[in-house]
Amino acid sequence: MPKSAKSSAAPATTPSAAVTPGAATTPGAASPAAAPVTAAPLTAAPVRLAVRKTYKLYIGGKFPRSESGRTFVVDGDNVALASRKDARDAVLAARAAQSKWAGATAYNRGQVLYRIAEMIEARRAEFVALGVPDAEVDATIDRWVWYAGWSDKIAQVTGGANPVAGPYLNISAPEPTGVVGIVAPASLLGLVSVIAPAIVTGNTVVVLADAPQIAITLAEVLATSDVPGGVVNLLTGRHPETAPWLASHDDVNALDLTGVTDPELAVEWERAAAGTLKRVIRPSGATDFTADPGLRPMTALLETKTVWHPKGY
Amino acid sequence: MTVTASAELSDLRSFLHGLPGVDKVGVEARAAALATRSIKADSKAAAIDLAIRMVDLTTLEGADTPGKVRALCAKAIRPDPADPACPPVAAICVYPAMAPIAAAALAGSGVHLASVATAFPSGQAPLEVKLADTRDAVAAGADEIDMVISRGAFLAGDYRRVFDEIVAVKQACGDAHLKVILETGELATYDNIRRASWLAMLAGADFIKTSTGKVSVNATLPITLVMLEAVRDFRERHGRIIGVKPAGGIKTTKDAIKYLVLINETVGDEWLHPDRFRFGASSLLNDLLMQRTKLTTGHYAGPDYFTLD
Amino acid sequence: MFEYAPAPESRSVVEIASSYGLFIDGSFDGGKDGNVFKTVDPATEEVLAEVAAAGPEDVDRAVAAARRAFTTWSALPGSERAKYLFRIARIIQERSRELAVLESLDNGKPIRESRDVDLPLVAAHFFYYAGWADKLRYAGFGPDPRPLGVAAQVIPWNFPLLMLAWKIAPALATGNTVVLKPAETTPLSALFFADVCRQAELPAGVVNIVTGAGDTGAYLVRHPDVAKVAFTGSTEVGREIARSVAGTGKRLTLELGGKAANIVFDDAPIDQAVEGIVNGIFFNQGHVCCAGSRLLVQESVLDQVLESLKRRMATLRVGDPLDKNTDIGAINSAAQLARITELSEIGVQEGAERWSPECSLPDRGFWFAPTIFTGVTQAHRIAREEIFGPVLSVLTFRTPDEAVAKANNTPYGLSAGIWTEKGSRILAVADKLRAGVVWANTFNKFDPASPFGGYKESGYGREGGRHGLEAYLA
């Protein structure tokens, strides 16, 4: 486990190796048949061919293809199909980033989260173009701002001095659980509603995202905000393939199953998570992401550390 | 002069401040835990006799008179007139002015004569006065001198002065044993008590003693524990055994036995001897005698059956 | 050294019946199948009583009783629930000597500890949570926090009554009802607690006690009518419970094993650190999940610390738990003794150096001399596995970073200790330790107001303090 900090550099720099097989197995990316037709302008100027985005994974602050070289088609786009090894690499990246992110000042983490909100506002059109309703983009931005403000308040609300019956200073303070594996809901608001409460307190996350284009566009926001690489890692693909590896991974501390729609799979993964006694978030029923989230999304991924010290001279 | 020449002396401040700290809560908890030891039956009888043999029966009042001192000496020699098996106390402790009276009263008894000296209790007098005080007491027959350190100098950080005074007094003692009173109540912190203990031992003390009995905080279990740890560690380092004397505030047999437990579990049986451990006390003796009588007779004793001194 | 004559606490303050039934719906009855097991005094191997072993039907009855009681109990005003808990706290105080002696008899722990630590904390815990019962909306869990239902609680044998208090007090304060299973080797104090509940006139079914072995507990936590599971015990069993609870929607809190590092820096207050080391590993025979079982000493003071530690260990008094002068009592069971013995032998085989002070152990009963292993590294099994006995592994470190890295190099994360006089070092090291409780310049201190619980495989959820309410509120 302690080796992970050093070895994490290796997987983060491997995407170039994955380029070749990835390109070889994705001829569709060059196929004009899949391209949306741009309406011809009224003028007689030649039709300009749009430059398309390649939807890759987001690991350790970089955008590698899947190490497996695989893609799958979503709404006409070829999207990286993450493998268990991508999940492994993402956990390494998340672990490598965790202590520094947790060690940043709460003020700094709040600033970084606020910056994310700014960047989404600036890229609002991209999300709208992907079919996210305006109101949901608004709510998403507001959610980042809400959580940004919590960074330097949650410890005051959930921690404090305990009046023990003796000559001791006794203080409880929340600390991040560590690396959190998340099976995310499909919507943009759902996605940020599981990422933000995890990272605001200093956790780092590996997110298995639905709606890959939205997720990767969010990743591009994160990459151009001030979020350190590895704090959020996003994998697109098929959850049943990758989630079990996160659930059973010895170096993952918590598992958020909010986005799992198949209850049987949720039980299976929750059981796997028991192997290392991961903290598991498993909401009963669908979550209304427009509602006030309350503290639980944050506190579920916090540990309470209580420190004692005698008083005396 | 038995001062050990060592690096410790070349830089007293660095040495004393380099001693491990004492955690107040921890040392008090340890002392409190030892105080819960339950001493019963034969152990208790032996403990009471030992405690009696460790008493420095003390009177240090402006109102002390020859009559009072002679009465105390008689009691020291034969604490329980009704029981010849009752051992005598270790010593009588008086002011220098009373030393000649006590010396005469104790002659041939085997009970030691301790005299406070060095401008007891404040110690606020020129060194020459303190030395004269000491020489007078020894000349009057005292074979144990209870000196006070200059707490003012200690608290001002002038460790060298405190050290030099102890060395000088030790010299003035000649063959008399030197007990150095730290006046722990005025040193205030356990760290200071540990440092002052080492300072006194390095300077040649034969005993380190907690208190004059004249300030509000006198001997306590945790203070004595810290001093016992100091003599234990000093012995490890220098091979010399230094005695310990808690004084003031020890009034009951129960208290005294707690101190014996402290010795037993901190420094061991080498210190369970009147040459190594003393109680500076006055009213303690009668309570020890009452408890002793209760053990021998099987019923509770009353104060009217013990001499009032 | 002067010998202390034996000073046994009187056994006559507690009257133990020859047999005990289950406490279900406010009254005692024998189990449906009539199965019983014996509980013994581990110091003498004498049988103390026969106790009913609850079968599935008994557990069903207990859960049903708790469900029935939940309706009215949860509807009571908090202020009324509070008064029941205050009553219980007071009765425990009044009966504390009786319960302390009982606990020492059934568990083997020294009377000094059951009298001065366990029982005062038990009463304090009920007092603390009693006060919360009518203040829950101020606890920070929303404006109208609701109880969950029936709480299934399974507790260990190391602090039988204290663990019961940690479980039952917050559950009742928040309006839940309880089915509790005490450990197989220490069922008696829970059954006496049932009597305390009757004395307090607690409504029938609010607290039910089902005694039995592991299968009784397994059946209880799997029961479909249970809304909440709270378990304290081994990490292995905790894992099993987490698996069995998966997908049920039951709330779960686990307080599991540990392998705590007790870190001694070169500037530590050595005498108090030695006390802390001794208290850390020999308190309650080392049967403590948060025991400081890995001593990490800065190499530059290793000799000094070891010498002081050995000298101190030589004064430890092992023997009759009821003797007021006993420091280390009996190992709780033959099985636990076998495990401690086995792991200690493995320590020797792996090349660590074993040392114990001279101490004569009684002929009958389960005993293990206080033991330290030196020359231990992170690669030794005795530095990795929880021994749950009076066995300390001594390791060294050179720098603070190395100390932190070694301390955290374990799947557990329950507790840790730091000994140094330097304040900034305490704060920095405490920040970096991955453990739920960090004792700086002290060890093994507990308080009802202080949240307790682990990181990583030491479990999840907190017991004690405001935090301890969360596990019982929706």
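Q: OK, a salt bridge is a side-chain nitrogen of Lys or Arg within 4 Å of a carboxyl oxygen of Asp or Glu. How many salt bridges does the rule find across the interface of chain A and chain C?

A: Three. In one of them, the side chains of R296(A) and E470(C) meet, at 3.2 Å from N to O. Heads up: this is a predicted model, where local features need pLDDT of at least 70 and side-chain atom pairs count only at pLDDT 80 or more, while totals for chains, interfaces and linings use all residues. Residues are numbered from 1 along each chain as its sequence is written, chains are lettered from A and ligands numbered from 1 in the order in which they are written, and side-chain values use heavy atoms, leaving out hydrogens and water.

Q: How much area do chain A and chain C bury between them?

A: About 3,000 Å², with 50% of it on carbon and sulfur atoms. Buried area is the accessible area (1.4 Å probe) that two parts lose on being put together, summed over both. On the chain A side, L277(A), R296(A) and W308(A) lose the most, together 22% of what that side buries. So R296(A), from that salt bridge, turns up again.

Q: And how many residues are in contact there?

A: 35 of chain A with 47 of chain C, where contact means heavy atoms within 4.5 Å.

Q: What about chain A and chain B, how many salt bridges?

A: Zero. Six residues of chain A are in contact with five of chain B, and the two chains bury about 430 Å², 72% of it on carbon and sulfur atoms. P310(A), G312(A) and Y313(A) supply 73% of the area that chain A buries there, more than any other three residues.

Q: Switching topic: is S66(A) buried or exposed?

A: Buried, with a relative accessible area of 1%; buried means under 20%, exposed over 50%, and partly exposed in between (1.4 Å probe, protein chains only).

Q: What joins the side chains of S66(A) and D86(A)?

A: A polar contact of 2.6 Å. That term covers a pair of N or O atoms within 3.5 Å; within protein, one must be able to donate a hydrogen and the other to accept it, and residues adjacent in sequence count only if both atoms are side-chain atoms.

Q: Last one: how many aromatic pairs does the structure hold?

A: 23 over all chains. Rings of Phe, Tyr and Trp (its six-membered ring) pair if their centres lie within 6.5 Å; planes under 30 degrees apart are stacked, over 60 edge-to-face, and the rest tilted. The rings of W439(C) and F443(C) are 4.8 Å apart at their centres with planes at 45 degrees, so that pair is tilted. W439(C) and F443(C) are both buried.
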